[in-house]
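Visitor: Could you walk me through a few spots in this model? I would like to follow the reasoning as we go.

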Amino acid sequence: MPGQSVGAVQSQRANFDQPLHLRSGGVLPAYDLVYETYGTLNAAKSNAILVCHALSGHHHVAGHYADQPDNIGWWDNIIGPGRPLDTDRFFIVGLNNLGGCHGSTGPSSPNPATGKPWGAGFPMVAVIDWVHAQARLADLLGIDSWAAVMGGSLGGMQALRWSITYPERVRNAIVIAAAPKLSAQNIAFNDVARQAILTDPDFHGGNYYEFDTRPVRGLRLARMLGHITYLSDDQMGEKFGRELRNSAFSFGFDVEFEVESYLRYQGDKFAGYFDANTYLLMTKALDYFDPSREDNGDLNATMARSKANFLIASFTTDWRFTPARSKEIVAALLANGRNVSYAEIDLNFGHDSFLMEDAHYHGVVDAYLRNIKL
Amino acid sequence: MTHTLGRPDFELIAHWIEPGHRVLDLGCGDGTLLKHLIDTRGVQGVGVEIDDANVLAAIKNGINVIQGNLERGLDVFADQAFDHVVLSRTLQTVRHTEGILREMLRVGCEAVVSFPNFAYWKNLRSVLDGRMPVSEDLPYQWYDSPNVRFFTLLDFEALCDKMGLIIRERSVLDEAGNPVETEANFLGSLAVYRLTCKR
């Protein structure tokens, strides 16, 4: 891998005591955001890049913790000295979004009104709410305008939303493996995942914290389903095929095929640390995302409000957010005469491709960022 | 196909394009022509390119480039979004000849098309000598050529006539890049056309 890791990093916490009025009508009277930064903010404060996370991501984007050398950030391969998000040049900010379960205020945080975890009482958060909260973090850090806002999947939707809601504060938006809104099929997958959680007897209407339990089975199923949709058929075929763990069929329901073993392992791992209420909130934020709703579905009119330059990238094997969905964004930007480049990257990892290290993919991001004037 | 600076058809194309115009370059390669037009004519440019390495090179050159396959049309572009749509030395590599010409004039007011003339006398002589032509404007061996359509100036003009396309201007160059005034279909190695259609 060219370049280096940012090395040991520390997370920080910021408290915001101004109420945040949410799209759902709810209000968060005060909240915490945990975040990490890499590199150095320049004197003009013009070199900051915000990296937004996807469904299960968080603020630990790059590097590792001094006392946890194996806890490596989720997008470490693209950030660091000599990497596309070059910390010798840029100041990178990653945070955990509201409603998350990695330290920012979310359903498992104590509700100041009751002293008990928010649970089901945590208000529904939308992508635009995250962007408003991120803008307050930018204020705190003294960043008037981002050199770039960047993300993959749900993270790319936040970058898109930034460009629409705060056009003066985003000079470049890098939107990877995203879509301007979810399709019926996307929403359907999310709903099956939610149903798995909501019907788990340990869910207790979202207040499972009080029962000292967690809807592990539902969350595990939700993740197994989601995981299938993040991979490509070809990749699963290559990786697992019809391989059996033992050489013969056992004619039972225990793990037999390697793909079952893999999915169950992924489900167990995820259910072990992730919060089910956060999963519900994140999938709803995905479902609700549709900035063109403000313009009666006319995405061209919506993107007319943006002023940023754009890099849009999709992956040939991504069937969750196909290249055609990215091209909808490209078309709307072209219709408004915006500066936009679009790369359709041939990678075999389905939707998850955006997290992979690939010389061409990273070369495209690197080339784009090198041309950004600070 | 990668553009090289100093190509005589580039100068012709640049001459036809007004400052500030909106230009779409199909098969833009590394973006050299667009960069030239942006630097010298102040145009607003967008390129379309299929090849990964060229897309990367165009982004490095600071060009707006959209990765896509011309054979599948120009769906991401709105009707009449451009003043000029350029297809430089690429038409002979496209299977859907009529489709791409129609698409060019859907998204643009004017199409600028350059292509090698297969009836150029040296090409004809080469075939008479028993070998497929290889020249400055046809720089490939038969087995590695990206060209899938082989046609002449007269062939192209007949197609324009059939499709109702209007030829506003034509320039023909010999292999050295000098203008050819007479016997163009025989003496011309490369042709550049400006096309519009009736609206």
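**A residue in chain B, a strand in chain A**

Guide: Gladly! B:Arg170 is partly exposed, with a relative accessible area of 38%. Do keep in mind that this is a predicted model.

Visitor: Which side chain makes a polar contact with the side chain of B:Arg170?

Guide: B:Arg170 lies in strand E6 of chain B, residues 165-173. Leaving aside residues up to four places away in sequence, B:Arg170 touches B:Leu153, B:Glu157, B:Ala184, B:Val192 and B:Tyr193. The polar contact, at 2.8 Å, is with the side chain of B:Glu157.

Visitor: How many residues of strand E9 of chain A are buried?

Guide: Strand E9 of chain A spans residues 148-152 and is mostly covered. On one side A:Ala148, A:Met150 and A:Gly152 are buried, and on the other A:Val149 and A:Gly151 are buried. Buried here means under 20% relative accessible area. The count for E9(A) is five of its five residues.

Visitor: Which residue stands opposite A:Met150?

Guide: Strand E5 of chain A, residues 48-52, runs parallel to E9(A), and four bridges join them. Across from A:Met150 in E9(A) stands A:Val51.

Visitor: Is the β-α-β crossover from E9(A) to E10(A) right-handed or left-handed?

Guide: Four bridges join E9(A) to strand E10 of chain A, residues 172-176, and the two run parallel. Within this pair, A:Gly151 stands opposite A:Val175 in E10(A). The chain passes from E9(A) through helix H2 of chain A, residues 154-165, to E10(A), and the crossover is right-handed.

Terms used: Residues are numbered from 1 along each chain as its sequence is written. Chains are lettered from A and ligands numbered from 1 in the order in which they are written. This is a predicted model: local features need pLDDT of at least 70, side-chain atom pairs count only at pLDDT 80 or more; totals for chains, interfaces and linings use all residues. Side-chain values use heavy atoms; hydrogens and water are left out. Buried means under 20% relative accessible area, exposed over 50%, partly exposed in between (1.4 Å probe, protein chains only). Two strands pair if DSSP finds at least two bridges between them. A crossover is right-handed if, with the strands pointing away from the viewer, the path from the first strand over the helix to the second runs clockwise. Contact means heavy atoms within 4.5 Å. A polar contact is a pair of N or O atoms within 3.5 Å; within protein, one must be able to donate a hydrogen and the other to accept it, and residues adjacent in sequence count only if both atoms are side-chain atoms.
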